[in-house]
Amino acid sequence: MLFTHTALLSLARTPTPAPPRGVEPLPAGALALGFDFGTSAARCALVDAEGSLVCSPPPYPWGDRERQQTPAAWREALFALLESVPAAERRRISRIAVSGTSSSVVLYDAKSRRPSSRGCRMYDFNVNRQAAGTSGEEAMKLIHSVAPEGHTVRSPTSALAKVVAWHLEEPLSPEEQIAHQADFVAAQLCGAGPIVSDWHNALKLGYDVETLDYPSWMRSGALGEILESRLPRVVMPGGLAANICPELAARLGMPTDCQVVGGTTDSIAAFLAAGASTIGDAVTSLGSTLAIKLLSSNPVSDAARGVYSHRLGDLWLVGGASNAGCAVLREQGFTAEELARLSASIDPSAAPPHAHYYPLPSATVGERFPRADDSAVAVLQPVPEERALFLHSILYGLARIEADGYAALKELGASELRRVQTCGGGSDNPQWMALRERLLGVPTSRAARTDAALGAALLARGP
């Protein structure tokens, strides 16, 4: 097996053992509440002590505010969802967890806990393209000068890049502190005190999930001066963070001993909802883009391809995402009816007429995973006269990218793939499922549950 230098560095370290979660099993009759603040809407779900879904109120959609989310909108959504939970169920809520979009970050005032006037920078904010002046470029120079090769903070969309760019636009005030979206939302339920983060959200800020501490390169030099006294305390996802504010509990008719626990990111919450729990289990998301996550016994990373490892107790969730995906099917004019009809004629065991296709959207230039290629463009030529053959070639191309992705994780040193569960719109296509299973060489099925709010509720449920 071949290993990159980055992977060898990861494998050479012995991670600090995970501490106890610090929460008891959920008592009989009690409920766990999970919130997910996703890209299109905020949602919540309640589960009982056995993990069964009790209720899931209607979502709170962002509508045209999806790309202009604000901390005030997050707070509004949080309490609208809480109040939509039936009063009888609210009285039984024992623990709460929040998932949010990865790398969405906000600055807040340490005394008032109110968000800074700078607003927030969402998951897809790229400092190289969107930060003011040259602040993004200078932020990346500083980070690249101290962060290890292959580290996830070296991405211009990392939480650390956004914070440093903010400082270079205008120096942070002594009162301004750092919080991620999930951190800030969860803090609205708690009393006074610093806002707490978790392993998953803090990863792209620079938190070292192997040593369970911020690394020395974040605490020294010019970067240390920017971050001094601003970094959030970090707890295990699902570990005790704080108790609910007593006044809020009384107003909403909730138990005053209700606990708020460390949260997670939306994609990890979806993985937890799928029930993947054994080394080698994986979840593929077949949405507009194709993303994979694999449960591994050891961490691996490759920043050039966007591969990094989140920690789940003493196991690791390794993932990567391609720019290819189902968006290309819409772009090529395939309707839902046509996809179902033409797919039924595909023989999953047969080779397509054009196995070389690389189905990127036409406006996309560059691919990151499973291969890093800034100049990559779509390969969808020649186009067969029969639409069914065209579809077969596209679906095969996407399945080959998925298989290459899991092979890349293995090459980096991740655990052997054992089975794949699938979520997203593409999971409804049985012929594509069979085709993918043939290329992946492991059992491949549709995930029964992938709702991130449910995953957050299961995280809150605890052991």
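Mentor: Contact here means heavy atoms within 4.5 Å. This is a predicted model, in which local features need pLDDT of at least 70 and side-chain atom pairs count only at pLDDT 80 or more, while totals for chains, interfaces and linings use all residues. Residues are numbered from 1 along each chain as its sequence is written, and side-chain values use heavy atoms, with hydrogens and water left out.

Trainee: Among contacts in the protein chain between residues at least 6 apart in sequence, what percentage join residues at least 24 apart?

Mentor: The count takes in contacts between residues at least 6 apart in sequence. Of these, the share joining residues at least 24 apart is 71%.

Trainee: What radius of gyration does the protein chain have?

Mentor: The radius is taken over C-alpha atoms, and the globule rule is 2.2 Å times the number of residues to the power 0.38. For 463 residues a compact globule would have a value near 23 Å, with which the chain agrees, at 22 Å.

Trainee: Which strands stand at the edges of the open sheet with the order β7-β6-β8?

Mentor: Strands (E, at least two residues) are DSSP runs numbered from the N terminus, as are helices (H or I, at least four), and two strands pair if DSSP finds at least two bridges between them. The three strands pair in the antiparallel sense, and β6 (residues 105-109) joins β8 over five bridges. Because each edge strand has a single partner, one side of each is left without a neighbour in the sheet, and these strands are β7 (115-121) and β8 (176-180).

Trainee: Which residue in β8 stands opposite Val105?

Mentor: Strand β6 covers residues 105-109 and pairs with β8. The residue in β8 opposite Val105 is His180.
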